[in-house]
Amino acid sequence: MKLQRKNRLRATALGALAVSGALVLTACGSDDNTGTDAEGGKTSAAASNIKCDGAEGQLRASGSSAQKNAMDLWVKNYMAACSGVEINYASSSSGEGIVAFNQGTVGFAGSDSALKPDEVADSKKICKTGQGINLPMVGGPVAIGFHLEGVDSLTLDASTLAKIFDTKIKKWNDPAIAKLNEGVKLPDKAIQPYHRSEDSGTTQNLGKYLNAAAPSDWKYEAEKKWPAPGGQAASGSSGVASQVKAVDGSIGYFELSYAKSQAITTVDINTGGAAPVEATSENASKAIAAAKVKGTGKDLALELDYTTKAEGAYPLVLVTYEVVCDTGNKPETLDTVKSFLGYAASADGQKVLTDAGYAPIPEAINAKVRETVAGLK
């Protein structure tokens with residue numbers, strides 16, 4: 001079973017690599033409206049169903065690296081259908097995306113955490129007649145990836161994860177890890193944890209999970225900036241994943257798409273349920289489906305249950321939001337914002353996410369997203 005799982009990860013790597021590579025986003029579009037999917041096949045239905053609706057010119061956006069691979073797919077399909085439109089999404093971090101949005105330099109921002117009250121207040125200077133709102137567009141598991149020679153499968157719980165990332169557990173053969181992995185030969189090797197170097201919504205979501213599921217072991221506030229001492233830092237989810245891939249004894253956190261693209265083995269999480277839960281799109285969807293809308297008005301920020309013990313529900317999930325003005329969007333890019341985000345929230349746009357390691361937003365919530373996008377002004 002362990003060998004089969006590792007082979008499965010490797011088998012998916014070639015397909016996912018097509019997703020994870022940076023795309024050259026040019027203004028020329030394409031006369032071939034079929035597009036290309038993550039496996040290199042044609043996506044005629046996805047491209048032909050896109051409604052360009054007056055979209056034109058260039059649209060700049062930036063933010064979350066968690067959604068980069070999803071955004072790459074969406075941009076490729078959208079630009080294949082809407083010739084002459086240029087979508088430039090700069091993958092950086094949630095924090096940088098929000099700053100850019102509130103400075104008015106992008107049409108929308110990607111963020112793995114909903115806007116804070118002070119960020120909403122700042123957005124009113126740019127949105128003029130309205131304010132920034134959160135539109136959940138991408139879901140998925142935050143995978144805990146590890147690289148430990150000779151170990152192909154690993155189970156951890158919230159408590160051990162908290163102690164590992166807080167550098168309280170320092171060796172892979174620590175009794176707490178061994179207890180969760182009976183029969184696994186764990187080496188007497190130092191653990192090298194990696195975290196994000198910049199403000200990151202992925203970091204904040206990990207913090208929210210550890211706060212909720214292991215409150216006695218994780219005493220830090222769930223913020224975008226990494227709070228704990230020790231460990232090594234790397235830039236972006238791609239940077240953390242690359243370090244874990246390269247360093248024996250390492251562990252880190254990043255979206256599942258990065259684990260797939262680099263064939264990194266991921267941790268199963270013991271939630272206290274009947275069996276440990278693997279990080280998969282399907283298992284993340286089970287957790288996201290229980291989310292509740294906590295935003296008011298047109299804001300669709302979600303509240304996730306990080307302590308779920310539901311069978312097969314992977315608890316360490318994030319939802320990435322596209323942040324836009326409810327009213328007061330720039331008139332020169334409004335049609336393009338509505339057209340592009342309308343595609344991303346469409347059935348076709350959400351359908352391409354699963355193969356890339358993401359979890360589509362549940363339809364009950366996604367229907368509200370589409371309605372809100374259509375009403376942007």
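**Close-up views of cavities, pockets and helix contacts**

**View 1. The largest cavity has a volume of about 90 Å³.** The model shown here is predicted. Its structure holds three cavities of 30 Å³ or more. Which residues line the largest cavity? They are F101, G104, V106, G107, I126, C325, G328, N329, K330, T333 and V337. Sorted by class, this lining has five nonpolar residues, five polar residues and one charged residue. Look for F101 and I126 again in View 4, where F101 belongs to α4 and I126 to α5.

**View 2. The largest pocket holds about 400 Å³ of space.** Its lining is made of 25 residues. Closest to the centre are A114, L115, K294, A301 and L302. Several helices and strands take part in this lining. Among those that each supply at least two residues are the helices α5 (117-127) and α8 (201-213). The strands β4 (132-147), β12 (302-303) and β13 (317-325) also each supply at least two. How do the lining residues divide by class? Eleven are nonpolar, eight are polar and six are charged.

**View 3. The second largest pocket has a volume of about 310 Å³.** Here 13 residues form the lining. Find K51, D53, K338, G342 and Y343, which lie nearest the centre of this pocket. Two helices, α12 (331-344) and α14 (363-374), each supply at least two lining residues. Which element gives the largest share of the lining? That element is α12, with five residues. Counted by class, the lining of the second largest pocket has four nonpolar, four polar and five charged residues.

**View 4. Helix α4 packs against α5 at an angle of about 40°.** Helix α4 covers residues 94-102. The axes of α4 and α5 are 8 Å apart. On the α4 side, the contact uses I98, F101 and N102. On the α5 side, these residues meet E119, D122, S123, I126 and C127. The contact of α4 with α5 has four nonpolar, two polar and two charged residues. Helix α5 also appears in View 2, where it supplies at least two residues of the lining of the largest pocket.

**View 5. Helices α6 and α8 cross at roughly 125°.** Helix α6 spans residues 158-165, and its axis comes within 9 Å of the axis of α8. At this angle, α6 is oblique to α8. The crossing of the two helices is left-handed. Which residues of α6 and α8 meet? From α6 come A158, L161 and A162. From α8 come Y209, L210 and A213. By class, the contact of α6 with α8 has six nonpolar residues, no polar residues and no charged residues.

**View 6. Helix α3 packs against α12 at an angle of about 115°.** Helix α3 runs over residues 68-81. The axes of α3 and α12 are 10 Å apart. Is the crossing of α3 and α12 left-handed or right-handed? It is right-handed. In α3, the residues in contact are M71, W74, V75, N77 and Y78. In α12, they meet T336, S339, F340, Y343 and A344. This contact of α3 with α12 divides into seven nonpolar, three polar and no charged residues. Y343 links this view with View 3, since Y343 is also one of the residues nearest the centre of the second largest pocket.

Technical notes. Residues are numbered from 1 along each chain as its sequence is written. This is a predicted model: local features need pLDDT of at least 70, side-chain atom pairs count only at pLDDT 80 or more; totals for chains, interfaces and linings use all residues. Side-chain values use heavy atoms; hydrogens and water are left out. On a 1 Å grid over the protein atoms alone, a cavity is a set of points where a 1.4 Å probe fits but cannot get out, and a pocket is an open set with protein on both sides within 12 Å along at least five of seven lines; lining residues have an atom within 4 Å of a point. Grid points are joined across faces, edges and corners, and a volume is the space filled by probe spheres set on the points. Ala, Val, Leu, Ile, Met, Phe, Trp, Tyr, Cys and Pro count as nonpolar, Asp, Glu, Lys and Arg as charged, and the others, Gly among them, as polar. Axes are lines fitted to C-alpha atoms, for helices over the stretch in contact, and angles run from 0 to 180 degrees between N-to-C directions. Angles under 35 degrees count as roughly parallel, over 145 as roughly antiparallel, 65 to 115 as roughly perpendicular and the rest as oblique. A crossing is left-handed if the near helix is turned anticlockwise from the far one by less than a right angle, and right-handed if clockwise. Contact means heavy atoms within 4.5 Å.
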